[in-house]
Structures are given as C-alpha cells and as structure tokens.
Amino acid sequence: MFNDPQFFQTIGYTLAMAGGYIVGKIFKLSTEICLFIAALVGALVAGSGLDVFRHFAEGSVTYFDIGLIFIFATLFMNILKESGAMDLIVRWIIRAFGNKKVFFLILLMIVMLIPGALTGAGSISVLVVGGTVSAALSAMGLKKERVAAIVFIVAGLSAAAPPINVWAMMTCAGTAVPYVGFTMPLLVPILILGLFTVLFLGWKGKISNIEEALKTIPEPKGLSVWSVAIPFIVLVALLSLPRIFPFDFPLLGLPLSFALSALVAWIMNYKRVKVFRVMADTVAQLTPLIATTTVVGMFVQVMSFNGTKGLFSLWIVTAPMALLYIILPFVIPISEGLLTYGGVAVLGIPLIWMFNARGINTVIALSGLTLLWPLGDGLPPTKLIGRLTVDTVGYTGSYGKFLKECIVPWIAITVVGILMVAFSNQLSFLMG
Amino acid sequence: MKWSKWIILAILLLFLLAGGIPLFIQRNYKETLVMADGVTRVLRLSDFFEPLKGTMGDTNIYEFQGKDPGGKVLILAGTHESEVSAMVTAFMFVENLQVQAGTVYVVPHYNYSGSLGSQPGGGFPLYYTIPTPWGEKKFRLGDRGLQALDQWPDPDVYVHYPDGQLLSYIDARNTNRTWPGKPNGTLGEKVAYAAMEMIRNEKIDIVIDLHEAEAMFPVTNCIVAPEKSKSYAIGAALYVKGREKFESHVEPSPSNFRGLSHREVGDFSDALVFLLEAPCVHLDQISGPKTNDLMIVGKDPFINVAAEKGLLFVPIDDRGWTIERRVGQQSSVIQEIVNQFNKKNPARAILFTAPKHAEVVEKRMGAFFKDPDKAPKSRIAYE
Ligand SMILES: [Zn+2]
C-alpha cells in the first residue's frame, strides 16, 4: 500500500530538501539560509517553476504577526531595562523575600507564568519578566546556564498554561473541537511541573546576605516608583481590558498594545532613555529571529505544496500507538524546533483526528501533548525561545550546556505529557 | 553588516516583490458567470446593512423570483473560500436554476474577502479550473477566513459575541464563527449581522450554508441541523440514500459550540438552518501535493492508505471524490431539504429545478457552464 509512485516522489522531494540544507551547512551558511535553500530546492523539484516566487511571498507572511509582537514587546522591555526599572524591581524582590527561599522561588515562578498564560506566548514571559527573574535568580548564586534553564522551562509552561494555549487553540480551530474544558487539564500539570522545575533547579541557590546581594545590582538614580509602575499598569490594562469588556473595548491586538506601552514607558523615562538607540538595538537583536520565522513560513508552504507535509502527517497517524508513545516525545519538540507553530498543523491536527477515531479523550490528550511543544522552542534550527532566553539572561556560554541544564525538567514534562495521552480517559474528571 | 548580507537581503526582497505580483493579480481577478434567465435581480449584502457598502465584506446576492408566490430559501456558498464544491454549486445554480414558485437567493461568495487570496503556508494554487466544452472555467481559490488585509489585527483570543465563549484568535476571521454578528464589530461580524438582517427582514424560511470537510474529519459528508431543522434533515438524508443512492447522514448541531451558522441562524431568527458538508481530500493534512487535480478529481494515494487503516469518515473508492460527486450531492440535498419543507408548509412551497446528483456525474461539471463569449452582455456577471 505504500508503493504508489507518489510515495517515492515525495520521499525524493524530502531527500532533495535535506540535501539542499546539508549543502548550505557544508558551505557554513546560517540556518536561515540553509532552510531557504531547502525550500527553494523543494519547490523547484516539485515543478513550481516561476510560481516559487509567489509561494515564498505567501509563506513569508505566515508568522508576520508573531514577528511584530516580538519587536514591540522587546522594545517595551528594552526601554524599561535602559531606564533602570528592572534593577529597581529586582532589588525590591530581594529585599522583601530574599531570606525565604521556597517562597521566593514560587513567587518568581508565578510572576513568570502570568504573561505567557494570558497571551499564549512564552516569548512574552521571557521578554517582559525574564530579565527581572533572571537577575533575582542570579542573586541567589545560581550559574547563568541554570538561570536560563529555569526561565526557559517556566516560560514554556506559561505558554501552555490556560486560558490561552496557542497549540491547543490552533488544533481546535483546525479540527472544530471547541476550545472548552482545557483549564484544569492544563493548569494542574503545569503548576506541578512548574513547582518541580523551580525547586529542582533552584534548590542549591541561596541568598546568604541580602545587603551583599543588593550590592551586585546597580541602584538606579532618580527613578520614581511611578515611572516603573505606570508602563506596567498600562500594559496590564491593555492586555486585560479586552478580556474584561470584550464587546466594548476597541480591538488593538498584541503588537499595538505593546507599542503603546512602549510609548508610555519612554514618556515616563524620556530623560534616561535614548529611544532611537534602543530602537536600533532592538531591531538588530531581533533580526535573526524575524529572519527565522519568515523562512520557516516559506518552508512550511513548500512542504505543503510538494506533499512532504502530507507524507509526514500520514506516517504519524498510521503509526501504531505503542510506537507513538516512543516517538512523540522526540517528534513533537523537533517539529516545533524546525517549523515553530507549523508543527501543529503537520502533527497536531491529524493526531487529534486519529485519537478521536481510537476513542481517546481528545481534550486530555491534547492538553498533554501541548506540554511538549514549547520544549521544542529551545531546539535548533530555530531555537526561537531558547535564543531569546539566553539573550535576556545574558548567558554567553555554549548553547548545548544550557540545554543540558534543562534535561531533568524536560524529561519530567515529557513523562507527564505522554501519561496524559495514555490515561486520557481515566483523567477525564479534570474537565469538570 | 557585511556586503554579503546586503546581497542576501536584496535577493530576498526581489523574491518577495516577484511573488507579490501574482498575489496582487489574483486579488483583482474577476470570475465570469452567465446568469440563467431566471435571475430577477442582483442584490448586494450591503442592501440589508448599509455600513458594509464599499468594504470587502460586501457581496452579490442573485435573486430568482418565481411566477407563483411561495417561501424563500437563501443558499450561502463561500463561507470558507477553500471549500471549492460550495462555490461551484452556487455558480452552477446561478447559471442553471429555474424557479416556478417562491424565491431563491444564491450567494456565491459569502466571505468575499476570503476569496481574494489563498491560505498562507497552505501551498495551494491561486486558481482552480474546471474543463468545459468551450475551454477552462477559472475560479479564484480563497482562504478559510477573511484576508488579514481586510480584517486586522487579530485579537490574542477571540471572544464570541454575544455568548462570550473563548475561541482561537484564528477564528476571529472565520465567518462560520462570527454568527449572529455584531453591527459595530469586526468585518466578519458585520458580514454575519448583514446576513442576519436579510434573513429577518426578508422573512427567509430556509438557510443552507454549503461547506466541504476533510475525509479525516468526523463531521463530513453530512447535514448538520439544530433541533428545529432536524426532521427535515432526516427526511432529506433518507430520500437521497434511498432514491439517489448516495449517503449524507444527519449530525446534530452542538449547543455548546458558538458562532456557527447551524447554531446561531436558527437561534436568532425564525429560519430553518442547515449546514451541508461534502467530503473533499485537498484540505486533509495528510493529502499529497496540492494540485488542481487534488481539488477537482479528488484522488490521493496518501488518502487511500489512511482509508485502508480505517482512519477516514467517508468511503474511498476508485471514483475519487470528484467535483461532480460533491456538487451533485450539494445540489440534490438542497433540493430535497426544500421538498421536505414544501410537504410540511404547502402554503409557502418553493418550487425550482436544478441539476441533480446523477445528472451532474453523468454529464460532467463543465456541461453546466455556458461560454461567456457567446452569451449576451446583459447576462454576464462578475464575481
Ligand atoms: Zn467549512
């Protein structure tokens, strides 16, 4: 049954695309350019002809909004960082909670979980509070790679946390399963895993002397509490008002909400912040990330066009269940690392239909799987959130060392996620 | 930046420019159709809700008024502009319908904005074509939702009006999640509101919303009906199975899933509402290369494998899910729903004739489209 010419043809396209990628790597070109070459080869061998230009243009806008959100959210945070606001907040947290370690860690975890839970983007957690949290964790004497691991894993959990879980929502939108009943199936495992992560990775840390710890963080001069608080208040208001008054509050969207907050942050700190330099820095900082999402969009478009996406989806849904339990822990994060949100379309949607056909509780199973997707945001080639995290934390060591720090929570998350698929019907009480 | 990076950037920009031109041409391409003699008026959706005028949400409504009085049926196609048999059925109706009693309204592109560009990341062609005796008939292939160019930005989460149910941000641009609409809402909500205004003011008896769904999707090959439409749907399903020898079962409209036509139209008006799903394979994630044949001939080796594994919700055989079978199914089910209505409401009977399943399959799709070059100018319409 796997002997139709179309199978050999699409396997051939897959090999051609892989070949293009490898040749790029041999010439030491960047990952984005290698993906671009792979997409170009994949389109041309499948006979796109001149239509390849159109496919690239169409694919390149797939993640346009995500790019805009990154730019404005980062600009907002960079302005605050430049003003010294972050230092002020960290000093306050250390002074207030520095000698209560468990409480301190839990507080940092909750602070990290909220922005991503509300927006569905782990990147927002990293960009908005990651800097503050990592400074506080560093003050506990934790190594930079360990701090980065905590920020990355908790940011990933925040993205999966309710009310907004983009992987689940995209799958629901593609399968017409209502996005209903996900709150507890997501919240319970995420709180347990979040606690485990901060306690496991943060246990060795300790603030022995609060005054000594405070000395390592510069004390901002002439910064009033209001110039720190008001930008955050504006941001929280712009993010939460559309949810509180959904039918009356004008629809701004995340990019504009962050842009307005950034404007307020600048107005409150215009003496301390050279805004054009911060803007230029922000764009330079994000150019690789935007390049990645643009090229990934083109890559997904070509995979769909030439049938390789269909081939991979088919392999996944026709695999025996026992095999899936073994390969999904690898395939899901890798698909995210390769395609970012594109992985949901390739795997999530057919998986849910297959679960449905096999009598598995789709809400619980999908909740479990969505714990795994954010892990892939740390994997190459895109390393979307991983890169943001090491940048924000200021970790300059090897990327592999950072990933190694993530291993134990990573395994814990994987085990919980897969168990939720395996015991989905027994866990259906969580749906309430 | 090194000079090599500048060159790469320049190449990338040239690529996007070269790719943007075909997208621009598609957005401005007009489909041509030859109206049947029975078309009495071409209305606009904005006739029922002024603020829609001049927006990409406004769209044509073809009116067929019969000689004799009777009820009114509204047929919506293109709610999801990637579900091709819906639009092809509507075009076939506009070119072939004969109405004796009552009024039939046909909307080929309910989500007009959605028809103006295909799905980013989908890898589909920009057009699909159907062979006819006089050449190829060409259609724009659209996207499931409204174009971002016409409705932007997306919210971080879409809150359904008026229920408050939280839905994916993607669904903010899905015209089958914006029912029953909101007069001062987004473009998608305004479109739905305009249609609701039409349904209420014109006292439409029956609303039929045409769709296609993937073979791997549980709700496919069916008539989705809320409680009050159910008996008509069951009657129609039994009839087409017994007399026309094809299957289309009845699915109840879930009450906890908001924004869909089969839920809200019935709840917010007196109309009986039905949503028809014909099976198609080009939208399946597991289907192979996205070609014109995949949409029109409806055969795919990957789909065959999934069928052998028992993963599909429709039978797959050598015939393929051709455009003829899908359009024929849509047409016959529409006619039978109206027949069922006529039996129970003889005073408001709607009598019309259109090609049925067997006839479309036998004569092939192209036989039902006239050559625009040979038609009188007064009968030509552009979509
Ligand atoms: Zn549809």
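These are my notebook entries on a predicted model with chains A and B and a zinc ion.

**Entry 1: the zinc ion**

I started with the metal. What coordinates the zinc ion? I found His80(B) through ND1, Glu83(B) through OE, listed twice, and His211(B) through ND1, at 2.0 to 2.3 Å. Along the chain, I read the donor spacing as H-x2-E-x127-H. Next I looked up the angles among the four donor atoms, and they run from 59 to 150°. I noted the site as irregular, because four donors count as tetrahedral only if all angles lie between 85 and 135 degrees. I also checked two of the ligating residues for burial: His80(B) is buried, and Glu83(B) is buried too.

**Entry 2: where the chains meet**

Then I turned to the two chains. How many residues of chain B are in contact with chain A? I got 61, facing 65 residues of chain A. Together the chains bury about 5,200 Å², with 71% of that on carbon and sulfur atoms. Phe15(B), Gln285(B) and Phe302(B) supply 14% of the area that chain B buries against chain A, more than any other three residues.

For charged pairs, the rule finds one salt bridge across this interface. I looked it up: Asp156(B) pairs with Arg243(A), and their closest N and O atoms are 2.9 Å apart. For polar contacts between chain B and chain A, the count is 11 residue pairs, both residues at pLDDT 80 or more.

Which elements of chain B each supply at least two residues of the side that touches chain A? I wrote down helix H1 (3–28), strand E9 (166–167) and helix H7 (301–308). H1(B) gives the largest share of that side, nine residues.

**Entry 3: helix H7 of chain B**

I stayed with H7(B) for a while. Its buried residues are Pro301(B), Phe302(B), Ile303(B), Val305(B) and Ala306(B). What do these buried residues pack against in chain A? They pack against helix H1 (5–26) and helix H15 (308–318) of chain A.

I checked both ends of the helix as well. At the N-terminal end, Asp300(B) is the cap, with a side-chain oxygen 3.2 Å from the backbone nitrogen of Phe302(B). Just after H7(B), Gly310(B) takes a positive phi of about 75°.

**Entry 4: Asp150(B)**

Next I picked out an acidic residue in a loop. Asp150(B) sits between strand E7 (135–140) and strand E8 (158–159) of chain B. Is Asp150(B) buried or exposed? I call it buried, because its relative accessible area is 18% and the cut-off is under 20%. Its side chain makes a polar contact of 2.6 Å with the side chain of Ser113(B). Leaving aside neighbours within four places in sequence, Asp150(B) is in contact with Arg27(B), Met56(B), Ser113(B), Leu116(B) and Leu187(B).

**Entry 5: Ser367(A)**

My last stop was in chain A. Ser367(A) lies in helix H18 (residues 362–372). Why does Ser367(A) count as buried? Its relative accessibility is 1%, and buried means under 20%. The side chain of Ser367(A) reaches the backbone oxygen of Val363(A) at 2.7 Å.

I also looked for company from elsewhere in the chain. Apart from neighbours within four places in sequence, Ser367(A) is in contact with Phe182(A), Pro185(A), Leu186(A) and Met420(A). I noted Ala160(A) too: Ser367(A) is 207 residues from it in sequence, but 8.3 Å away in space, C-alpha to C-alpha.

Note on methods. Residues numbered from 1 in each chain as written. Chains lettered and ligands numbered in written order. Predicted model: local features only at pLDDT ≥ 70, side-chain atom pairs only at ≥ 80, totals over all residues. Heavy atoms only, no water. Donors = N, O, S within 2.8 Å, 3.2 Å for Na, K, Ca; no water. Tetrahedral: all angles 85-135°; square planar, octahedral: opposite > 155°, others 65-115°. Buried < 20%, exposed > 50% of the residue type's maximum accessible area, 1.4 Å probe, protein only. Contact = heavy atoms within 4.5 Å. Buried area = accessible area lost by both parts, 1.4 Å probe. Salt bridge = Lys/Arg side-chain N within 4 Å of Asp/Glu carboxyl O. Polar contact = N/O pair within 3.5 Å; in protein donor to acceptor, adjacent residues only side chain to side chain. Helix = DSSP H or I, 4+ residues; strand = E, 2+ residues; numbered from the N terminus.
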